[in-house]
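Me: I have a few questions about how the words used for a protein structure are earned. Could you go through them with me?

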Amino acid sequence: MNCADHIYIESANGGKEFELSSIHAAEGRIYITDHIDMDAAMSLTSLMKYMVAEKKAITLYINSTGGDVEAGLVMYDLIQSYPYDLDIYCVGIAASMAALLLASGKKGHRYILPHSKVLIHEPLISRGFGGSATTIDKTAQRILDVKAQLNDILAKHTGRSIDEINEATSFDNLMTAEEAITFGLCDAISSVY
């Protein structure tokens with residue numbers, strides 16, 4: 001019997017139902033499949049702390065349309081500081097902050113499935129904002145600062161110049177697996193097996 005979040009395993013002594021997430025964690029597999037927010041970042045923090053304590057290699061699977069910049073940067077810092085082997089796979093789409101996470105893996109350890117896609121773009125304003133001219137000006141400056149920070153990270157991990165990154169993120173830039181490899185966001189097309 002299999003369902004989305006549990007698996008039933010039979011043995012000579014009977015059977016037992018296990019949470020699939022527990023099996024994945026025990027085997028070093030982590031999935032980022034939802035909107036990137038602080039809950040997802042804290043979940044990743046918890047899982048990665050467990051993996052460090054167990055001295056485990058990690059395989060990180062990404063299928064996400066992105067999300068919150070601050071939460072994404074927490075995840076980025078976790079990936080950058082992980083002391084053991086870490087492979088990253090794009091399995092579907094890695095968009096926005098998820099694309100930055102894919103790119104942030106160690107060169108030679110960033111994979112994409114043949115029909116997966118990667119989307120990069122400038123930071124977006126997800127909520128309406130208003131206020132005084134000074135408030136709007138400060139908000140605009142903060143967005144430009146975030147854009148510069150994210151583009152610096154992409155430049156570092158892709159080997160592209162800041163000018164190339166600025167150009168590539170000036171629109172919703174959706175790339176095929178081959179285009180993402182050529183751009184430097186990942187290294188190779190692979191299966192997950």
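Reply: Happily; here are some questions about the labels, each with its answer.
This is a predicted model, in which local features need pLDDT of at least 70, side-chain atom pairs count only at pLDDT 80 or more, and totals for chains, interfaces and linings use all residues. Residues are numbered from 1 along each chain as its sequence is written, and side-chain values use heavy atoms, with hydrogens and water left out.

Me: Why is Asn151 called buried?

Reply: Buried means under 20% relative accessible area, exposed over 50%, and partly exposed in between (1.4 Å probe, protein chains only). Asn151 has a relative accessible area of 3%, so Asn151 is buried.

Me: What makes Glu70 and Arg142 a salt bridge?

Reply: A salt bridge needs a side-chain nitrogen of Lys or Arg within 4 Å of a carboxyl oxygen of Asp or Glu. For Glu70 and Arg142 the N to O distance is 3.6 Å, so the pair fits that definition. Glu70 lies in helix α3 (residues 69-81) and Arg142 in helix α5, so the pair ties together parts 72 residues apart in sequence. Helices here are DSSP runs (H or I, at least four residues), numbered from the N terminus.

Me: How do you know whether Glu70 is buried, partly exposed or exposed?

Reply: Its relative accessibility is 39%, so Glu70 counts as partly exposed. Arg142, at 43%, is partly exposed too.

Me: What makes Arg160 and Glu164 a salt bridge?

Reply: Their side chains meet at 3.4 Å, N to O, so the definition is met again.

Note on methods: Helices (H or I, at least four residues) and strands (E, at least two) are DSSP runs, numbered from the N terminus.
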